[in-house]
Amino acid sequence: MRFHIYWLQKCQLFCCLFSHWNLVSGQIRYSVPEELQLGAFVGNISIDLGLDLKQLSTRRTRVASSPRKQYVDVNLQNGILFVNERIDREHLCGPSTDCILPLNVVLENPLSLHQMEVEILDVNDNA
């Protein structure tokens with residue numbers, strides 16, 4: 001009997017945790033040339049995710065990317081995703097023909113995760 005109660009509690013905890021985790025399956029992809037100026041427009045996550053601008057700040061929206069550098073960030077007042085750090089394609093991806101920067105946009109209350117990609121285009125035609 002204890003065994004069943006133990007697993008029932010574990011199952012309830014699991015269901016409770018994942019009922020608040022809204023993982024969105026669609027993926028948005030932006031393309032930008034390398035070495036854009038800081039503050040350059042990448043995209044508008046408010047429009048692309050169908051979010052009200054008020055939600056961005058009240059749900060503490062943030063962009064999670066590379067653990068070393070935060071190449072892009074979001075302006076919570078207008079939903080614009082912008083270049084936050086100089087993007088050097090060759091440094092980021094080496095000689096690879098494709099250069100994709102994966103991003104996670106995280107919103108809280110309720111927790112939701114939106115996966116995005118930023119394709120870094122080679123402006124020097126070295127790829």
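In this predicted model, strands β7 and β8 form a hairpin with three residues between them. Strand β7 covers residues 100-107, and β8 covers residues 111-121. The two run antiparallel and are joined by eight bridges. One of the paired positions is Ile 100, whose bridge partner in β8 is Glu 119.

The turn of this hairpin holds two backbone features. Asn 109, in the loop between β7 and β8, has a positive phi of about 55° although it is not a glycine. The peptide bond that joins Asn 109 to Pro 110 is cis, with omega at about -5°. Pro 110 is found in the loop between β7 and β8 as well. Most residues other than glycine have a negative phi, and most peptide bonds are trans. Is Asn 109 buried or exposed? Its relative accessible area is 61%, and the cut-off for exposed is over 50%, so Asn 109 counts as exposed.

Strand β7 also pairs with β4, which spans residues 62-64. This pairing is antiparallel too and has three bridges. Within it, Ala 64 stands opposite Asn 104 of β7. Strand β7 thus has β8 as a partner through eight bridges and β4 as a partner through three.

A further positive phi occurs in another loop. Glu 35 lies between β2 (28-33) and β3 (41-44), and its phi is near 60°, although Glu 35 is a residue other than glycine. How accessible is Glu 35? The relative accessibility of Glu 35 is 39%; partly exposed residues fall between the limits of 20% and 50%, so Glu 35 counts as partly exposed.

Ser 46 is a buried position. This residue lies in helix α2, which covers residues 45-49. The relative accessibility of Ser 46 is 7%, and buried means under 20%, so Ser 46 counts as buried. Which backbone atom does the side chain of Ser 46 reach? The side chain reaches the backbone oxygen of Leu 51, at 2.7 Å. Leaving aside residues up to four places away in sequence, Ser 46 touches Leu 51, Asp 52, Leu 53, Leu 56, Asn 78 and Gly 79. Leu 51 therefore appears both in the list of residues that Ser 46 touches and as the owner of the backbone oxygen that the side chain of Ser 46 reaches, while Ser 46 itself is buried at 7% relative accessibility.

Conventions
Residues numbered from 1 in each chain as written. Predicted model: local features only at pLDDT ≥ 70, side-chain atom pairs only at ≥ 80, totals over all residues. Heavy atoms only, no water. Pairing = 2+ DSSP bridges. Helix = DSSP H or I, 4+ residues; strand = E, 2+ residues; numbered from the N terminus. Buried < 20%, exposed > 50% of the residue type's maximum accessible area, 1.4 Å probe, protein only. Polar contact = N/O pair within 3.5 Å; in protein donor to acceptor, adjacent residues only side chain to side chain. Contact = heavy atoms within 4.5 Å.
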